[in-house]
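User: I'd like to talk through the salt bridges and the nonpolar core here. Can you take my questions one by one?

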Amino acid sequence: LIEDGGAKAFMKLGLAAFCVSARQTALRVCPECHRHQSCAVGIPTWLRSHQLPGSLVCSVHGLPLVTIPLRERGRHEFLCPPMDAPAQTPPAWNEGQRKILWEIACRQASLLDGTDRIRELHEWLPHYRELLASRALMRSASKVDHPALQDAVRNVLGDVLPFLPPACRNLEDGGWPSLLVRKHRKAMHPLFHVLISLVIDRTPTPANLAPLAASAPR
């Protein structure tokens, strides 16, 4: 903070505001993790990976997470999960949707390890445009094919978007896909980075990928 004169203080301290709400009135538990902790540790605990916005299944077991409402008894009171394993409820998605949600949960959980490379704001734009170019989602070296990008997002995530936070469902101009591939002026929620990386990885590379032409100067 001293070297940068306080620049990006909120982002570096993890206090940056995002459009994906983190306000929680309930916490989530995986029944299998609950049973394992009760046997191995003697008491179940809350796991960080289960509380991430957009993570609806356990990243380890792939089971739907059970929501446990919090009691209104003060903000600083420590509450343990119930000792009895929560009852599983039928999921609202099919097997194909569960696999995509599981992949999202696994990628989000991996961010908690802190092993991924940390990029500065100015590094994200060339990073994503290079990846989009490899999937033929760029019209030129500096112009993104936004309609094609939106179609790619729908092809990969269209079946699970209704289950994700509302901010993830805006795919039009000004939505999270277009913001990620423009100049980053503020931090973007990690869930958006997870979603775009999943879309890029699941979008096939064209057999005949033509080199991109430079855009005409304005």
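User: Is Glu103 buried, partly exposed or exposed?
Analyst: This is a predicted model, where local features need pLDDT of at least 70, side-chain atom pairs count only at pLDDT 80 or more, and totals for chains, interfaces and linings use all residues. Residues are numbered from 1 along each chain as its sequence is written, and side-chain values use heavy atoms, with hydrogens and water left out. Buried means under 20% relative accessible area and exposed over 50%, with partly exposed in between (1.4 Å probe, protein chains only). Glu103 has a relative accessible area of 26%, so the label is partly exposed.

User: Which residue does Glu103 form a salt bridge with?
Analyst: A salt bridge here is a side-chain nitrogen of Lys or Arg within 4 Å of a carboxyl oxygen of Asp or Glu. For Glu103, the closest N and O atoms are 2.7 Å apart. The two residues sit four apart in helix α3, so about one helical turn separates them; helices are DSSP runs (H or I, at least four residues), numbered from the N terminus. The partner is Arg107.

User: What N to O distance goes with the salt bridge of Glu95 and Arg98?
Analyst: Both residues belong to helix α3 (residues 95-111), and they're about one helical turn apart because three residues separate them. Glu95 is partly exposed at 43% relative accessibility, whereas Arg98 counts as buried at 17%. Their side chains meet at 2.7 Å.

User: And where do Asp151 and Arg154 lie?
Analyst: Their side chains form a salt bridge too, 3.5 Å from N to O. Asp151 is partly exposed at 41%, and so is Arg154 at 35%. They're three residues apart, about one turn, and both lie in helix α5 (residues 146-157).

User: How many salt bridges does a search of the whole structure find?
Analyst: Side chains of opposite charge can pair when their charged atoms come close. Some of the bridges share partners, joining Glu103, Arg107 and Asp201 into one network. The search of the whole structure gives a count of eight.

User: Now the largest nonpolar core: which helix supplies the largest share of it?
Analyst: A nonpolar core is a set of buried Ala, Val, Leu, Ile, Met, Phe, Trp, Tyr and Cys residues joined through side-chain atoms within 4.5 Å. This one has 36 residues, and Ile104 and Trp176 are among those touching the most other members. Helices α3, α4 (121-134), α5, α6 (176-180) and α7 (190-202) each supply at least two residues. The largest share, eight residues, comes from α7.
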